[in-house]
Amino acid sequence: SLQDKLAGAFKTLKGKGRITDVNIASTVKEIRRALMDADVNYKVAKEVTDRVKQEALDRDVKIAVEPGQLFTKIVQEELTQLMGGKAQPVNLQGSPAIVLIAGLQGSGKTTFSGKFASYLKKQGKQVMLVAGDIYRPAAITQLQVLGEQIGVDVYAEPENKNAVDITQNALKEAKSKGKNIIIVDTAGRLAVDEVMMKEVENIKKAINPTEVLFVVDSMTGQDAVNTAKTFNERLDFDGVVLTKLDGDARGGAALSVKAVVDKPIKFMSTGEKMEDLDIFHPDRMANRILGMGDVISLVERAQQAYDEDEAKKLNKKMRENKFDLNDFLSQLQQIKKMGNVKDLMGMIPGMGKAIKDIDIDNDSFKPIEAVIQSMTPGERENPDIINGPRRKRIANGSGTSIQQVNNLLKQFEQMRKMMKRMNKMQGSGKLGKLFG
Ligand code: GDP
Ligand code: MG
């Protein structure tokens, strides 16, 4: 994966006591190759690595106290810039605000429409979904089922074969019902085709949306970028929604699309469930690509799922490097409530790689929970005291093996190290602010 390859590239630097122009150059070259393997456009890969090299020279990586760390930071910053720097808001002015959703068939438009509606509803907005995909009867049903599930009205006219007409009627209805936002789901084809383009163009003209979002499947790599280009030429959309970024982050599309079409990625979608939608944060994505996990997103999701006080305590502990096995245990228990376990685990620094090839379901936590529950409060707070005899006692008590106890302690230690590094790297600046 991109993560593994980048990690490999950094190794060249990290192991070295001394950094030279030669190994900076070869590391940069490896990074470029890793990016291209991940389907990043050649020009983009070259530009970004040229900047990394220049920055490394400008900032005297060679004489830095921790050169590997500074170099990683430079790469992180450049990737963040490449993806647009900051999270970009959606324009929801107007009564109602009109959001038009476009993209190829199967890219995840209908799913995203539901997720976005649910997200806005939670913010107290009156939302209406509009079934603008008139070609497949199943498409209308799909949206209606989602609407029912999340408790949002769906406007549909199954007998009407004119999508422009339907969306105009929907807008009238929304106005009369005092809706704040309508989300217009549209039809897509398997490949870009003129009829589809014309139709969505006509819808755009007819309803004059406040925001046009282009939805694209991140797994399609280089194609995703080309499709984005074509849609942008016709629709001049306002933002991109990157879907199917589940589990292991595939960086290619995320990294290229902003650079190629110069439109920001606004959302990312990481699963089929209605909760699996996140605002796209370039810096967090860069961290994920670099295998540093995504603690902030994890904490945010955790905040949604459990009470704020507990989340605040957890944030503080992470920031002060005081995260202990009690916290780990309560986090696991919360994660189980949040669904998509593997994804969430992947956000914990250092965990992504460890769990990449493992099948994870909620039962996989049982031995881990058992091990921690067999520890004394003192051991949970300070795992360093868990010596050989204690390990044996814990293994016996939890019905696991010494090996399993060792593994857990090792993983936990790695996690703590990663958190420490993240805290150090991001300093009191970004993390400090977000963790409030
Ligand atoms: P549309 O044709 O563009 O409306 O695409 P759909 O919303 O119907 O999605 C196509 C398929 O992709 C469905 O099976 C969805 O459940 C699935 N899907 C959508 N978004 C995601 C995602 O973020 N992750 C995963 N794994 N599947 C997704
Ligand atoms: Mg659809």
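**A helix, a strand and a proline**

In this predicted model, the buried residues of helix H6 are Ala-139, Ile-140, Leu-143, Leu-146 and Gly-147. When one looks down the axis of H6, these buried residues fall within an arc of 125°, so they line one face of the helix. The other side of H6 has another character, for there Pro-137, Ala-138, Glu-148 and Gln-149 are exposed.

The helix itself runs over residues 137–150, and its 14 residues reach 21 Å from the first C-alpha to the last, which is close to the 20 Å expected at 1.5 Å a residue. Just after H6 comes Gly-151, which takes a positive phi of about 75°. As for what lies over the buried residues of H6, the cover includes helix H5 (109–122) together with strand S2 (127–132), strand S3 (153–155) and strand S4 (181–186).

One of these covering elements, S4, can be followed further. This strand is mostly covered, since six of its six residues are buried. Its residues point in two directions: Ile-181, Ile-183 and Asp-185 point one way, while Ile-182, Val-184 and Thr-186 point the other way, and all of them are buried.

S4 also has strand partners. Strand S1, made of residues 97–102, pairs with S4 in the parallel sense over five bridges, and within this pairing Ile-101 of S1 has Asp-185 as its bridge partner in S4. Strand S2 likewise pairs with S4 in the parallel sense, here over six bridges, and Val-127 stands opposite Ile-181 in S4. Both Asp-185 and Ile-181 belong to the group that points one way from S4, and S2, besides pairing with S4, is among the elements that cover the buried residues of H6.

The last stop is a single residue in a loop, Pro-264, whose place is between helix H10 (252–261) and strand S7 (265–269). Is Pro-264 buried, exposed or partly exposed? A residue counts as buried if 20 or more other C-beta atoms lie within 10 Å of its own, and as exposed if there are 12 or fewer; Pro-264 has 19 other C-beta atoms within 10 Å, and therefore it is partly exposed. If residues up to four places away in sequence are not counted, Pro-264 touches Gly-84, Gln-88, Gly-239, Val-240 and Lys-258. A further relation links Pro-264 with Asp-238: the two lie 26 residues apart along the chain, and their C-alpha atoms are separated by 7.5 Å.

Technical notes: Residues numbered from 1 in each chain as written. Chains lettered and ligands numbered in written order. Predicted model: local features only at pLDDT ≥ 70, side-chain atom pairs only at ≥ 80, totals over all residues. Helix = DSSP H or I, 4+ residues; strand = E, 2+ residues; numbered from the N terminus. Expected span 1.5 Å × (residues − 1). Arc of directions from axis to C-beta. Contact = placed C-beta atoms within 7 Å. Pairing = 2+ DSSP bridges.
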